[in-house]
Each structure stands twice: as structure tokens, then as C-alpha cells.
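Q: Please take one part of this model and look at it closely, explaining how its residues are placed and how far the coordinates can be read. I would prefer one connected account to a list.

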Amino acid sequence: MLLIADINECLLSGDVCVDTALRCEDDIPGYNCICRTGAQGDGKVNGTGCTDVNECTYVFVSVLMVLNKVASSVVLKILFI
Ligand SMILES: [Ca+2]
């Protein structure tokens, strides 16, 4: 039988998650930092932290991709007429 002693990192130190993280959740082993909606990363001070995602850029790129796809299909139809 293997016993693993786990500590609650969230209670021991308030510095395990970045300030912009929503909360800290203890896990066995280790812990998880939860980023707010609209941010991505592991939320950890010694990790990737929480980086804001610019949703407007993603929407803009998605619109451009759709427009590009439509334009490509129009060009293909013109070529095959
Ligand atoms: Ca833990």
C-alpha cells in the first residue's frame, strides 16, 4: 500500500496563482489555478499564467477565413464556366 501525503498549496501560500487568476483549486498531487473567462493559461505564477484572449481578433480572423472561402469558391466557379 502506497500512501501519498498531499499538501493544500492553495492554503499554504497565496502566491501560487497569478493575481489575475480566478481561484486556486487543490489537487492530488499539486494544484490547479483557474483563469477567468476570456483568459487562457495554467494560471500559475511559475507557469504560463493567465493571458487575456482578444476575442475580437478571433472573430475578425474567422470572418476573413469565411470571406476567403467564399471568394475562392466564386473564383473556382468563374474558372469552370
Ligand atoms: Ca495538493
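A: L22 counts as partly exposed because 14 C-beta neighbours lie inside 10 Å, and buried status would call for 20 or more. This is a reading of a predicted model, in which L22 belongs to strand β1. Leaving out residues up to four places away in sequence, L22 touches I34, C35 and R36. A further spatial relation of L22 is with T37, 15 residues apart along the chain, where the C-alpha atoms are separated by 8.8 Å.

The partner of β1 is strand β2: residues 21-26 and residues 31-35 run antiparallel and are joined by five bridges. Within this pairing C24 stands opposite C33, and D26 stands opposite Y31. The two strands form a hairpin with four residues between them, and P29 lies in that loop. Two backbone features of the loop deserve attention, namely the peptide bond from I28 to P29, which is cis with omega near -5 degrees, and G30, which has a positive phi of about 85 degrees. As background, most residues other than glycine have a negative phi, and most peptide bonds are trans.

On β2 the two faces can be told apart, since side chains in a regular strand alternate between the two faces of the sheet. The covered face of β2 holds Y31, C33 and C35, whereas N32 and I34 make up the uncovered one. N32, which is placed in β2, is partly exposed because 17 other C-beta atoms lie within 10 Å. Apart from residues up to four places away in sequence, N32 touches E25 and D27. N32 and E9 are 23 residues apart in sequence, and their C-alpha atoms are 9.4 Å apart in space.

The covered side leads into the largest nonpolar core, whose nine residues are V16, C17, V18, A21, C24, Y31, C33, C35 and C50. The elements giving two or more residues to this core are β1 and β2, and the largest share, three residues, comes from β2. In soluble globular proteins, nonpolar side chains tend to be buried together. One member of the core, A21, touches C33, I34, C35, G43 and C50 when residues up to four places away in sequence are not counted.

Another core member, C17, sits in the loop between α1 (9-12) and β1, and C17 is buried because 26 other C-beta atoms lie within 10 Å. With neighbours within four places in sequence set aside, C17 is in contact with C24, C33, G43, K44 and V45. The C-alpha atoms of C17 and G49 are separated by 7.4 Å, although these residues are 32 residues apart along the chain.

Among these contacts G43 merits its own description. G43 is found in the loop between β3 (39-40) and β4 (51-52), and it is buried because 26 other C-beta atoms lie within 10 Å. Not counting residues up to four places away in sequence, G43 touches C17, V18, A21, C33, I34, C35, G49 and C50. G43 and V16 are 27 residues apart along the chain, with their C-alpha atoms separated by 8.6 Å.

For the chain as a whole, the secondary structure comes to two helices and four strands, running α-β-β-β-β-α from the N terminus on. Of the 81 residues, 14% count as buried, and among contacts with a separation of 6 or more, residues 24 or more positions apart account for 20%.

Finally, on how far the coordinates can be read, the chain averages a pLDDT of 83, and 69% of the residues score at least 70. Among the elements, β2 has the highest mean pLDDT, 97, while helix α2 (residues 55-79) has the lowest, 66. Where pLDDT is low, the predicted coordinates should not be read in detail.

Key: Residues are numbered from 1 along each chain as its sequence is written. This is a predicted model: local features need pLDDT of at least 70, side-chain atom pairs count only at pLDDT 80 or more; totals for chains, interfaces and linings use all residues. Two strands pair if DSSP finds at least two bridges between them. pLDDT is the predictor's confidence in each residue, from 0 to 100. A residue is buried if 20 or more other C-beta atoms lie within 10 Å of its own, exposed if 12 or fewer, and partly exposed in between; C-beta atoms are placed from the backbone. Two residues are in contact if their C-beta atoms, placed from the backbone, lie within 7 Å. A nonpolar core is a set of buried Ala, Val, Leu, Ile, Met, Phe, Trp, Tyr and Cys residues joined through C-beta atoms within 7 Å.
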